[in-house]
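Work through these exercises with the model open. Each task is followed by a stepwise solution.

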Amino acid sequence: MRKSSEPQNEMLKGTLDMMILRTLVGGDAHGHTIAKIIERTSEDLLEVEQGSLYPGLHRLEDRGWVSSYWGASENNRKAKFYRLTAEGRKQLVRETSRWRQMTRAIGLVMGEETQG
Amino acid sequence: MSWRRFFRRGQADADIQREMESYVEEETAENVARGMEPDEARRRARVKLGNAQRVRETAWRQNSMGILESAWGDLRYATRLLRRTPGFTVTAVLVMALGIGATVALFTVVHSVVMKPLPFRNSGRLMDIAETDTHSAMPEHNFVASADFFDWQKQARGFEQMALYGETIYSLSGSAGQLPEQVDAQETSWNLFPTLGVEAVFGRLFTASDDNAEANGTVVITWGLWKRRYSGDPSVVGRTILLNSKPYTVIGVLPAWFAYPNAKAQLWTAVRHEETKTWFTRSHGAHNFQVVGRIAPGVSPAQSQAELSAIQARIRQQFPVGPISDAAVLTPLLESEVGKIKPALYVLFAATGCLLLIACLNIANLLVARAASRRKESAIRTALGGNRWRLIREQVMESLLLSLAGGGLGLVLAWGVVEWLVKVRTDLPRVSSIQLDGAAILFGLGAMTLCGLIAGLVPALSLDDRQMLNTLQDASRSHAGSRDKVRLRRALLTAEVALTMILLTSAGLLLKSYQRLRAVNLGCATHNVLTMKLGLSEARYGTPTERLAFFEQLLDRVRAMPGVEAAGLDTTLPGTGHQRDDAFTLKEAPPPATGTYLGATVRIVDPGFFQTMQIPLIRGRFFQNKERLNNANVAIVTPAFAHKFFPNSDPIGKHVDDGNFDGPHVFEIVGVVGDTRETLAGQMQPTIYYPLYRGSNGFAYLVIRGRGDVEDFALPAQKIIASMDPDLAVGDILTMEQILGKASLDANFNATLLVFFALLSLVLAGVGIFGVLSYLVAQRTQEIGIRMALGAQRDRVLGHVLLDGLKPALIGLMLGLVGSVVAGRLIRSMLYATRPLDPIVFVLVSVVLLTVAGAACMAPAWRASRLDPMQALRTE
């Protein structure tokens with residue numbers, strides 16, 4: 001079921017990072033919640049690959065954009081929680097504005113009406 | 001990519017695993033909440049998670065550093081391989097250590113002596129200035145006459161500064177129980193140190209006010225003398241010491257690194273204070289000094305040379321008679337210091353380079369053999385999808401590891417060699433600056449890497465994908481499969497033999513020329529002769545009578561010593577180089593044409609000298625004891641002198657007018673004695689002897705010939721001298737054999753080193769041949785067995801294998817011969833009485849090389865011919 005996902009994944013790498021950061025604005029969360037939030041918010045259009053999610057989280061942590069700790073989940077299970085750092089917040093702002101510019105630019109090229 | 005993450009990959013992996021577990025738990029819990037059966041819920045959760053292993057792998061790769069990672073793997077693999085064959089590894093490491101060690105040691109010497117700039121401020125602008133004569137009546141680089149120097153200093157514009165210095169010797173009196181000592185010294189114009197840009201460590205250096213006849217005596221001492229004689233006591237500055245029985249104030253100590261113009265000079269005096277006679281400022285013909293100048297910014301050496309030459313040409317016009325030069329020659333100071341030694345150092349360096357290359361080829365050769373024996377393994381790995389790049393990398397890693405290990409050992413070796421060299425070759429210029437520094441280590445690392453790459457890439461690149469599969473298809477009994485490898489190994493062997501041949505012939509030529517040099521007939525006794533240097537001080541022996549009295553008494557007492565057969569005095573020892581020559585005129589011949597002059601080597605001896613040194617009388621007579629003081633206007637000449645100045649007449653009875661002597665200076669020639677050599681490699685110089693008993697000279701070598709060990713005469717003779725004058729120091733106590741050894745030290749050293757390198761490479765080449773052939777025989781065991789089973793004679797098998805091994809050796813020999821002809825031409829300047837194409841050396845070397853090659857081939861060939869066909873056929 002995930003056979004053809006390789007190239008798409010590569011393309012989404014940067015956006016996945018951005019979305020993870022965006023998700024964490026709402027509070028600390030563990031991997032499962034993060035994936036679920038992204039899927040729900042995108043009205044299930046996006047499916048988060050676990051194969052990209054965990055390496056992605058580790059990458060973000062390594063860059064100092066998120067920090068992590070082991071805590072108890074809503075169901076009282078041990079889970080690794082991620083928290084947005086100050087640096088991560090700044091990064092999110094940068095990426096969001098770049099994303100906006102990009103979508104606008106692509107939208108212009110594709111001739112779509114930009115909705116006010 | 002970060003190191004922290006790299007090293008904590010294991011923990012990160014565990015983390016991810018636990019995270020994924022907790023994900024499954026969460027998902028399962030949610031599924032159960034949706035109403036699924038627990039088992040189904042867990043299964044769904046797992047499906048959603050997907051391939052957990054892949055997630056882990058992705059994270060692991062993300063945390064890794066690709067190249068480093070695989071390099072680490074290769075390294076471990078190579079280490080394991082090397083550890084499995086300790087014999088091979090040790091051999092290869094030792095071979096590499098020798099190659100790298102020798103090369104780095106020689107690089108250190110070449111770099112420190114020839115390439116590093118002199119340790120003076122802006123040393124590129126410093127020039128050695130010599131005189132010369134455009135009519136070539138003079139040496140190309142003659143010493144400078146002091147009056148010329150003063151004219152240059154006054155008139156030349158192209159120099160910032162210009163200084164004069166000259167060699168001299170002092171008797172340094174002892175204080176507080178110290179023995180007096182004869183020290184080599186330099187007298188200099190006060191501005192030498194500012195010209196070079198040198199400052200005193202303690203005290204001060206000369207000023208203009210020290211540098212004149214009326215000033216108080218001042219002396220600057222070198223660091224070495226300060227440490228040795230004054231035990232490094234800074235309070236020596238300001239103290240008064242006695243030089244030649246006259247008081248001098250020590251004004252300063254030179255820095256430790258200062259070893260200019262050579263390491264011999266122990267102290268410095270001011271030249272105008274020392275040379276008070278009128279000739280010093282007046283004479284344009286007394287060439288006694290060296291000059292160093294700092295050319296002004298924006299002026300080229302050529303311009304400065306032209307300027308000085310013009311001044312010198314005017315001087316010559318002014319003084320058309322006598323040994324007056326008409327041009328000046330500028331040589332960069334570094335070049336003038338090390339120019340002579342350069343070719344020899346380069347040759348030795350090149351030899352070590354050859355040695356290293358041979359070592360490298362040998363290791364390549366061994367690796368090719370190993371690669372061949374691992375053919376199957378490589379083939380299988382290739383077939384299973386292992387990539388070729390990886391195989392090459394492994395091979396190179398292995399050889400790099402070998403060469404790094406060998407090189408590390410080699411660096412230690414090089415350090416030892418350099419230490420040894422500095423001790424042995426104190427005569428090398430700039431020897432004190434030789435040290436194994438960062439540049440040498442960097443060079444060593446570079447050499448190691450290069451060697452590792454060469455030794456690894458040669459066999460690695462011979463791995464060929466297309467052949468890989470053939471290998472697999474080959475039956476295990478194949479022998480044809482490795483033809484290419486064998487060809488490669490033969491090519492490597494050929495190169496080794498060729499290089500060895502070049503080294504051997506060069507070494508042979510140098511060795512022969514060293515032997516020729518040692519066999520040179522000096523023209524005088526060289527066995528059982530002891531010599532020592534002594535100089536009478538002006539202060540205590542100011543008159544000819546005083547000097548004569550000392551010398552006569554000394555000889556009387558030395559001759560009375562038991563075991564002494566003869567004793568004499570001479571101002572120059574044969575074989576120690578040129579000391580003095582005088583310009584003179586001949587009464588019985590027309591004066592020399594304007595612009596030319598007559599000149600000959602001058603030696604001043606006592607009447608008994610010729611018998612002491614066993615120099616034969618050819619015509620006439622020796623000096624007599626009664627010919628002394630004012631009654632000593634006689635001279636003795638040599639055949640070379642007679643041949644040059646009296647080609648068609650008898651020199652005896654002719655008169656020489658030598659104005660360099662005070663008092664009456666017309667000498668009648670009364671005898672002709674045999675020629676002696678000033679230098680081993682030089683020609684017989686026209687020489688004239690004057691009587692020492694004239695009393696005009698206070699410096700002489702005492703020579704003692706006797707029975708038994710002549711070194712035993714040293715102490716009694718010194719005691720006699722000390723009892724006559726406790727302040728008179730004796731120096732350079734050497735037998736004639738030692739003097740000859742010193743004179744040929746350079747040739748000896750070069751020849752010995754090169755022979756050592758050549759023998760080493762001969763051994764390497766021999767081992768290489770042996771290795772290749774043994775391998776070949778092992779590979780062809782079955783083939784040989786079949787041949788024998790089919791009736792091949794053992795002799796033929798032997799011959800066949802022998803030929804197989806000797807062929808690359810013969811080709812290498814031929815190539816080496818061609819290379820040797822070139823090498824012989826390159827080292828021609830280092831040869832003495834030996835032609836670069838000396839047939840004996842070439843034949844001998846070829847024979848030696850072939851013998852070694854033959855011996856190396858013999859063992860495997862013999863083994864092949866003794867094979868038991870039945871067993872051979874059974875071997876796998």
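**Exercise 1.** How many residue pairs are in polar contact across the interface of chain A and chain B?

*Solution.* This is a predicted model: local features need pLDDT of at least 70, side-chain atom pairs count only at pLDDT 80 or more, and totals for chains, interfaces and linings use all residues. Residues are numbered from 1 along each chain as its sequence is written, chains are lettered from A and ligands numbered from 1 in the order written, and side-chain values use heavy atoms, without hydrogens and water.

Step 1. Apply the rule: a pair of N or O atoms within 3.5 Å; within protein, one must be able to donate a hydrogen and the other to accept it, and residues adjacent in sequence count only if both atoms are side-chain atoms.

Step 2. The rule finds 5 residue pairs, both residues at pLDDT 80 or more.

Step 3. Find the elements (DSSP runs numbered from the N terminus: helices H or I, at least four residues; strands E, at least two). In chain A, helix H2 (31–41), helix H3 (50–62) and strand E3 (78–84) each supply at least two residues of the side that touches chain B. H3(A) gives the most, with 8 residues.

**Exercise 2.** Which side chains meet in a salt bridge at 2.7 Å, N to O?

*Solution.* Look for a side-chain nitrogen of Lys or Arg within 4 Å of a carboxyl oxygen of Asp or Glu. Lys80(A) and Asp15(B) fit. The count between the two chains is 2 salt bridges.

**Exercise 3.** Where do the buried residues of helix H4 (residues 52–62) of chain B lie?

*Solution.* Val55(B), Ala59(B) and Gln62(B) are buried (under 20% relative accessible area, 1.4 Å probe, protein chains only). They lie on the same side of H4(B), because they cover an arc of only 60° around the axis, taken from the directions from the helix axis to the C-beta atoms.

Key. Buried means under 20% relative accessible area, exposed over 50%, partly exposed in between (1.4 Å probe, protein chains only).
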